[in-house]
Amino acid sequence: MNTYLYEVLDRLVAFDTVSVNSDVPAIEYLAGHFEHAGFTTSLHRIDVGGVAQANLVAWAGPPREGGLIISGHVDTVPFAGQPGWNRDPLKLETAGDRIFGRGTTDMKGFLAQCADAARALDRQRLQRPLVFLFTADEEVGMLGAERIAPLLAEILGEVPRPHLAWIGEPTSYAVMNAHKSVCAFEVKVRGRGGHSGAPQMGVNAIAVMGKVIETIGRLQAERRAARSAKFAEVFPESPHDVMNFGTIAGGIATNVIAERCSMRMTYRSLPGVDPLDLYREVGRRLAQIDPHDYGSPDIAAAIELGPAMIAPAMLAPRGTTLEQALFAVTGATTAAGAPFATDGAWFARAGIATLICGPGDFDQAHQPNESIGRGAFERGPAMILEVIDRLCCRDLSK
Ligand SMILES: [Zn+2]
């Protein structure tokens, strides 16, 4: 057994890097490993909502064109209050052929594999730059990637920034070259409160929110019907925009007219489309809603569409040297779209062709008792070294 690999994962899981917490201790721990392995490192510190976060860049190899970025995020989704846990989320535990702990699959397992591969790598063999990039805040706003992607060339100095990136998000080692953009926003309805016995004295925000949901739901059905022939192969299950009503809250008691109701949602649009197109259409449709409830004809509610937060879509070209290398080490023979967004959204916007491929199963991500199979975990470092060998060490002219 590779004890170093397990040790690094054990330590990484023990850092509580739920996105709202600072990832700095975990990032500094990782930086230590890469420095020890002979890499040049740089911490890129950012402030996210008053919390100190950091991205880590660690690189090696000569200042030549080409090479590879290998990337993953350090933050995890929360576990407190998530039903179903019967293990300590911050304690790595091995049982049978699985390893348990928050982030084992998404995606500290891959980070540990990277640290192990970096340690084992003979840096003298590098013909082109190898860059590891570990980010903060991926699970919430992707601010780590958004902020660092445009600065990466500057941080690397004389080393030309590679044009290819590999993100090891959990795909069961399937290769994914695309994902949709994501747009998140809130709709607020402001009504007028009062006693439920006199509905005409107020306007019920929950009732008006019902109209909002109906209106957006119709738009959702229209988009579902508008299937894109161009993306039929990339997104075979949903070659169209998709939407989700995420959270809703409103009202204070059954005998009080609900004064406020707010709803948060996301949609995902196909690559090549302005991610804000659908948001603007939502705004137009909401403006056409009759803002009265069903029991109060005279008083109008206000429907407010909050600001949009977006992550761009990603669509990497097929047939890159990275794709060939990933096919060779995983046995995959084709690439398709991912149903989730990644930091690759911001890498793509910075002109970096990104592929998603990693250990762990997507259905383990964000789950209670998150786990990764030992086999998939243990074979990772050799796969990473092989991809590095193909992209950064071999003479590509041969
Ligand atoms: Zn992830």
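Colleague: Which strands does helix α3 lie across?

Modeller: This is a predicted model. In it, helix α3, residues 104–120, lies across β5 and β17. Its direction makes an angle of about 55° with β17.

Colleague: How do strands join into a sheet in general?

Modeller: Through backbone hydrogen bonds, with parallel or antiparallel pairing. Here, take the open sheet of 3 strands. Its order is β4-β5-β17, and the pairing is antiparallel.

Colleague: Which are the edge strands?

Modeller: Look for strands that pair on one side only: β4 (93–95) and β17 (371–373). From one strand to the next, the twist averages 25°.

Colleague: How many bridges join β4 and β5?

Modeller: There are 3 bridges, in the antiparallel sense, and β5 covers residues 98–100. For a register check, find T94: I99 in β5 stands opposite.

Colleague: Now the whole chain. How many helices and strands are there?

Modeller: The chain has 11 helices and 17 strands.

Colleague: What radius of gyration would a compact globule have with 398 residues?

Modeller: Near 21 Å. The chain has 24 Å, so the two agree. For the extents, use the principal axes: the C-alpha trace spans about 80 × 45 × 40 Å.

Colleague: What percentage of the residues is buried?

Modeller: Of the 398 residues, 46% are buried.

Colleague: And what share of contacts joins residues at least 24 apart?

Modeller: Start from contacts between residues at least 6 apart in sequence. Of those, 79% join residues at least 24 apart.

Note on methods:
Residues are numbered from 1 along each chain as its sequence is written. This is a predicted model: local features need pLDDT of at least 70, side-chain atom pairs count only at pLDDT 80 or more; totals for chains, interfaces and linings use all residues. Helices (H or I, at least four residues) and strands (E, at least two) are DSSP runs, numbered from the N terminus. The radius of gyration is taken over C-alpha atoms; the globule rule is 2.2 Å times the number of residues to the power 0.38. A residue is buried if 20 or more other C-beta atoms lie within 10 Å of its own, exposed if 12 or fewer, and partly exposed in between; C-beta atoms are placed from the backbone. Two residues are in contact if their C-beta atoms, placed from the backbone, lie within 7 Å. Two strands pair if DSSP finds at least two bridges between them. Axes are lines fitted to C-alpha atoms, for helices over the stretch in contact, and angles run from 0 to 180 degrees between N-to-C directions.
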